Amino acid sequence: LIENTFIDDLKRRPIPVTSNLKVDNMLTTDSEVQRWNADGLPADKHSVQNGILTTSGNRFPLCIDPQQQAVSWIKNTFGEEKLTVKSLNENDFIKHLELAIQFGKPFLFENVGEDIDPVLDPILNKEISTENGNKTVALGDKVIDWDDNFCLFFCTKLSNPSYSPELMGKVTLVNYCLTREGLNDQLLNRVVCHEKPELEEQFSQIVDNMASNTNLLVAIENSLLRELSSAQGNILDNEDLISTLEQAKKKATEIKRKISEAQTAKEEINKARSLYKPVSRRGSTLYFASSGFSIIDPMYEMSLESFLKQFVGALDQADEDDSLEVRLQNLIDSCMQLVYDFTCTGLFERHKLAFSFHLACMVIDESGCFDSSALSAFIKGDTSLDPINEEKPHLASWMSDAGWKDMLFFSQLNDLFLNVKNDFVKRVADFKTWYDLEAPEETDLPGNFCAKLSSMQKLCIIRAIRPDRSYNAVKLFVAKELGESFIQP
């Protein structure tokens, strides 16, 4: 909204606006983001924004976290501050919460359901009162002291919870559901750690060093400001202060040099790591294909932990090769087959081909040449209730009215479909011959259109003319895109 609408509107008025304005940079610092990444928060933009909402929001965060990324990051980030982790089902959580509020410690509720105990309402609403200069809050039947350093987190494993409007008004909902970009980064770390462990270790060390050096630089700058603000008299006559400033300047210069060198080294390592991105991208596609299939049946839900076990196991089973290009293909093939077989063990037989088709479509989409309009047309056909605007040819009585209506609908999508329809009208007899074949999906269309049509577009034509062969046509589609093993689980 800010990048695409707000800034453009400011420029049109015209109102001066900072170039390359990023709200993220106004709400956090590079040192803080580096520390978050070192603690396990993915480095993609969506995850960084989640981190900002979690740590800087006015209301306490309720994290939708089916993959348990937020829980892991919160534990790593606030572990040194004596983080208390409890569940709302535990009987003694109020006692531990009282101590955390009084002493200003972080507190995490994990495995939260769709309801939160009403006893926490005064905390969520921050109903704080001041008595004799002390801040207090009611918790149950007690009134306890309130420390402003106290922070509270809620995390739920539910991927699509239904919270009441009252609860949503009391907390900040933060969506930690996995994104493609975030999973790509995680899988890339796994692949590089498996293939080049020394490279991944060097990368992790550089990230940690950059985080610590950036934090140290911020601390030095803050220390300088404190020294200057607390100095009395003429600071030019204060030799101790001048000496301290010189030492701090030397340290700051040295740290900036180290950060610059580390950034250069990080960029070089990233170039080497990027060679393995095809494997991580395919792994991400596999996960979202498997987990997304839960729309068909909720029991098909795929956990990230289970997927990662299969993914790493597939890396171990992949054939070795001296050629990097061949090795990458072996890794991709191994991941595809192992994850596919693992997913199919939990599917009903009637859903296995649907999953193979779903996976094939996502793999094509990964390459950036997927025709989504053709897929929608193949699955739905013409769903409109409008009467047809062109009568079916007299000699095509063998074709169903629904098939002709679909053919007219397809012809509106692009010129290629329109040419097929026009050719059909002119060569009804040839199409009748093709229609009478036992397996027309294995034969070229009249007019050699198969050389021009994509595999998905051919499925649309088969749906219109011989819908009874669509199942077998989908099998051929999957075999062509993925291989024979993906239609024989």
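**Cavity, cores and strand pairing in the predicted model**

The largest cavity is lined by Asp44, His46, Ser47, Asn50, Gln69, Tyr176, Cys177, Leu178, Thr179 and Gly182. The structure is a predicted model, and a search of the whole of it finds one cavity of 30 Å³ or more. The space in the largest cavity amounts to about 50 Å³. By residue class, its lining comprises six polar residues, three nonpolar residues and one charged residue. Helix 4 (residues 45–56) supplies the largest share of this lining, namely three residues.

The nonpolar interior was examined next. The largest nonpolar core contains 82 residues, of which Phe307, Phe357, Leu359, Phe424, Ile465, Phe477 and Val478 touch the most other members. The greatest contribution to this core is made by helix 15 (residues 349–366), which provides nine residues. A second core, separate from the largest, has 24 residues, and Phe93, Val112, Ile144 and Leu152 are among them. For valine 478, when neighbours within four places in sequence are left aside, the contacts are Leu353, Ser356, Phe357, Gly483, Phe486 and Ile487.

Strand pairing was then considered, beginning with strands 2 and 3. Strand 2 (84–86) precedes a loop that leads to helix 6 (93–103) and holds serine 87. Strands 2 and 3 run parallel and are joined by three bridges. Within this pairing, threonine 84 has phenylalanine 107 of strand 3 as its bridge partner. In a regular strand, side chains alternate between the two faces of the sheet. Strand 3 (residues 106–109) is covered on both faces, with Pro106 and Leu108 buried on one side and Phe107 and Phe109 buried on the other.

Serine 87 has a relative accessibility of 12% and therefore counts as buried, the cut-off for burial being under 20%. Apart from residues up to four places away in sequence, serine 87 touches Phe93, Phe109 and Glu110. Of these contacts, Phe109 is one of the buried residues of strand 3, while Phe93 is included in the second core.

A further pairing involves strand 4 (residues 128–131) and strand 5 (residues 134–139), which run antiparallel and are joined by four bridges. One of the bridge partnerships links glutamate 131 to asparagine 134 in strand 5. The two strands form a hairpin with two residues between them. In the turn of this hairpin, asparagine 132 adopts a positive phi of about 55 degrees.

Conventions: Residues are numbered from 1 along each chain as its sequence is written. This is a predicted model: local features need pLDDT of at least 70, side-chain atom pairs count only at pLDDT 80 or more; totals for chains, interfaces and linings use all residues. Side-chain values use heavy atoms; hydrogens and water are left out. On a 1 Å grid over the protein atoms alone, a cavity is a set of points where a 1.4 Å probe fits but cannot get out, and a pocket is an open set with protein on both sides within 12 Å along at least five of seven lines; lining residues have an atom within 4 Å of a point. Grid points are joined across faces, edges and corners, and a volume is the space filled by probe spheres set on the points. Ala, Val, Leu, Ile, Met, Phe, Trp, Tyr, Cys and Pro count as nonpolar, Asp, Glu, Lys and Arg as charged, and the others, Gly among them, as polar. Two strands pair if DSSP finds at least two bridges between them. A nonpolar core is a set of buried Ala, Val, Leu, Ile, Met, Phe, Trp, Tyr and Cys residues joined through side-chain atoms within 4.5 Å. Buried means under 20% relative accessible area, exposed over 50%, partly exposed in between (1.4 Å probe, protein chains only). Contact means heavy atoms within 4.5 Å.
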